Amino acid sequence: MSASPSPAPAARPTANAALASRWRDVMTDAFGTPRLPLVKGRGTRVWDAEGNEYLDFLGGIAVNALGHAHPAVVAAVSDQVASLGHVSNLFIAEPTVRLAERLLHLAGRRGRVYFSNSGAEANEAAFKIGRLTGRTHMVAATGGFHGRTMGALALTGQPAKQRPFLPLPGEVSHVPYGDAEALRAAVTPRTALLVLEPVQGENGVVVPPPGYLRAAREITAATGTLLVLDEIQTGVGRTGRWFAAEAEGVEADIVTLAKGLGGGLPIGATLAFGRAAELLTPGTHGSTFSGNPVVCAAALAVLDTIEQTGLLAHVTSMGRLLRHGLEVPGHPLVREVRGAGLLLGVVLAGGHAASVQRAAQARGLLVNAVAPDVVRLAPPLTVSDQEVGAFLAGFRAALSEMAPDEGRTAA
Ligand code: PLP
């Protein structure tokens, strides 16, 4: 009897592939399968499941303001969870009050804060405050992104994201971003609120013309409309200022924050001023986790560290260094670098962003193809000049790998 040949051993999946396969088996397909499992982070560096190291120039989509595992955040969260982890909105936790006081102090005005758990919820609260004015019409900008819950999605100016969920809470008009005359035509005394991002992050780091936010302020003041500035991506130092709208000296009626505020922990904040601050009354809104002391402690650690280590000035200088290194010497693929501080969009000729993202990752750099022709960079605010230098060398090499027509159809 001849022995039957034993089957060839199945190739063992790599650790990265194994985790991706487990993800595919149990997670909804809302995100597709993410491109890489990450298991550890320290500062601007992260490691995948096979021990490969990356420079993280995306920072959890502009979230990890102090990088990964910052000692101040680790200590604040550990201390708080060890003493009082959660109280619900039926009780008062001191870090919650302290964070609200701190945010209003940074805004330089009296007001009131509603805390939530994400950016979408921060905007959802703004939406409800808008409805409480008694008006229902709202104006937002085409291409704008304000989140995926139904109210926030109604404000989001991206029809493909809205279409499967129509009808959305109503009466939102979308106008071209950056066009003050379009705002003047759309905002009327029937308009409850106008919501704008100071820079449209998810739309490809789109910067409006100078004076746009000032015009929005004048127009809304004239019609008694609340001006809501969505600083979820641009706030908390990302552009080198606490709030990006400071660059135009504009004070909104409502400012929404999330992302960088918690330094990696989930928190949203809706800062309301003037009459907008008085519209939420008991029973009109809420969330069990609103103002959870652990995430508030993390946010306080983020704000303290930004202040105590001079990070706002650091962001401005690292942003300049990064931008300069991308613009000079130019690269034939780079059309433009736009944005502010450490929120930059590298605009590429010919829809190469997805290919550049892949080539950069193969070189140990994490970036994000936020649009077919735009690579977004949002490193931690703590990024060092050596890290910027290492990134620039690798990113230029990744750009140089692109064949002239590569990536045209990739995205
Ligand atoms: N608003 C802006 C400007 C954003 O960039 C985002 C997220 O990218 C959101 C709102 C939604 O935030 P979240 O994803 O935390 O719900």
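Which residues does Val 187 touch, not counting residues up to four places away in sequence? They are Val 139, Leu 194, Ile 219, Thr 220, Thr 223 and Thr 225. Keep in mind that this is a predicted model.

**Val 187 and Leu 227**

You'll find Val 187 in the loop between helix 8 (180–186) and strand 7 (191–196). Although it sits in a loop, Val 187 is buried, with a relative accessible area of 4%. For a sense of distance across the fold, try Leu 343: it is 156 residues from Val 187 in sequence, and the two C-alpha atoms are 29 Å apart.

Leu 227 belongs to strand 8 (residues 226–230). Its relative accessible area is 0%, so it counts as buried. With residues up to four places away in sequence set aside, Leu 227 touches Leu 194, Ala 216, Arg 217, Thr 220, Val 250, Ala 252, Asp 253 and Ile 254. Leu 194 and Thr 220 turn up in the contacts of Leu 227 and also in those of Val 187. Arg 184 is 43 residues from Leu 227 along the chain, with 13 Å between their C-alpha atoms.

**Around the ligand**

Strand 8 covers residues 226–230, and Asp 230 brings us to the ligand, being among the closest residues there. In total, 13 residues surround the ligand, and Gly 119, Ala 120, Gln 233 and Lys 259 join Asp 230 as the closest. Helix 5 (residues 119–131) gives the largest share of that shell, with 3 residues.

Three side chains place an N or O atom by a polar atom of the ligand, as listed here.

| Side chain | Ligand atom | Distance |
|---|---|---|
| Asp 230 | nitrogen | 2.7 Å |
| Gln 233 | oxygen | 2.7 Å |
| Lys 259 | oxygen | 3.2 Å |

On its own, the ligand has 390 Å² of accessible area, and the protein covers 82% of that. Which pocket does the ligand take up? The space it occupies is the largest one.

**Helix 12**

Now for a helix that is mostly covered: helix 12 (residues 353–362) has 8 of its 10 residues buried. Those buried residues are Ala 353, Ala 354, Ser 355, Val 356, Gln 357, Ala 359, Ala 360 and Gln 361. What do they pack against? Their partners include several strands, namely strand 3 (53–56), strand 12 (343–348), strand 13 (365–366), strand 14 (368–371) and strand 15 (374–377), plus helix 13 (385–400). Just past the end of helix 12 comes Gly 364, with a positive phi of about 85°.

**Helix 3, its flanks and their backbone**

Gln 80 is part of helix 3 (residues 71–83). Is Gln 80 buried or exposed? At 13% relative accessibility it counts as buried, because the cut-off is under 20%. Beyond its neighbours within four places in sequence, Gln 80 is in contact with Gly 85, Pro 95, Pro 293, Val 294 and Ala 297.

Most residues other than glycine have a negative phi, and most peptide bonds are trans. With that in mind, look at the loops on either side of helix 3. In the loop between helix 2 (59–62) and helix 3, Ala 69 shows a positive phi of about 55° despite not being a glycine. Ala 69 is partly exposed, at 37% relative accessible area. Ser 88 lies in the loop between helix 3 and helix 4 (94–107), and its phi is near 75°, again positive in a residue other than glycine. Unlike partly exposed Ala 69, Ser 88 is buried, with a relative accessible area of 18%.

**Cis peptide bonds**

There are cis bonds to look at too. The peptide bond from Leu 166 to Pro 167 is cis, with omega near 0°, and Pro 167 is in the loop between helix 7 (159–162) and strand 6 (172–175). Val 328 and Pro 329 are likewise joined by a cis peptide bond, with omega about -5°. Pro 329 is in the loop between helix 11 (311–327) and strand 11 (334–340).

**A buried loop threonine**

One more loop residue rounds things off. Thr 239 is in the loop between strand 8 and strand 9 (254–257), and it is buried at 11% relative accessible area. Leaving out residues up to four places away in sequence, Thr 239 touches Thr 234, Ala 244, Val 315, Ala 340 and Gly 341.

Methods: Residues numbered from 1 in each chain as written. Predicted model: local features only at pLDDT ≥ 70, side-chain atom pairs only at ≥ 80, totals over all residues. Heavy atoms only, no water. Helix = DSSP H or I, 4+ residues; strand = E, 2+ residues; numbered from the N terminus. Buried < 20%, exposed > 50% of the residue type's maximum accessible area, 1.4 Å probe, protein only. Contact = heavy atoms within 4.5 Å. Near = heavy atom within 4 Å. Polar contact = N/O pair within 3.5 Å; in protein donor to acceptor, adjacent residues only side chain to side chain. Areas by Shrake-Rupley, 256 points an atom, 1.4 Å probe, with all protein chains shown as cover. 1 Å grid on protein atoms, 1.4 Å probe; cavity = no way out; pocket = protein on both sides within 12 Å on 5 of 7 lines; lining within 4 Å. Sits in = over half its atoms within 2 Å of the grid points.
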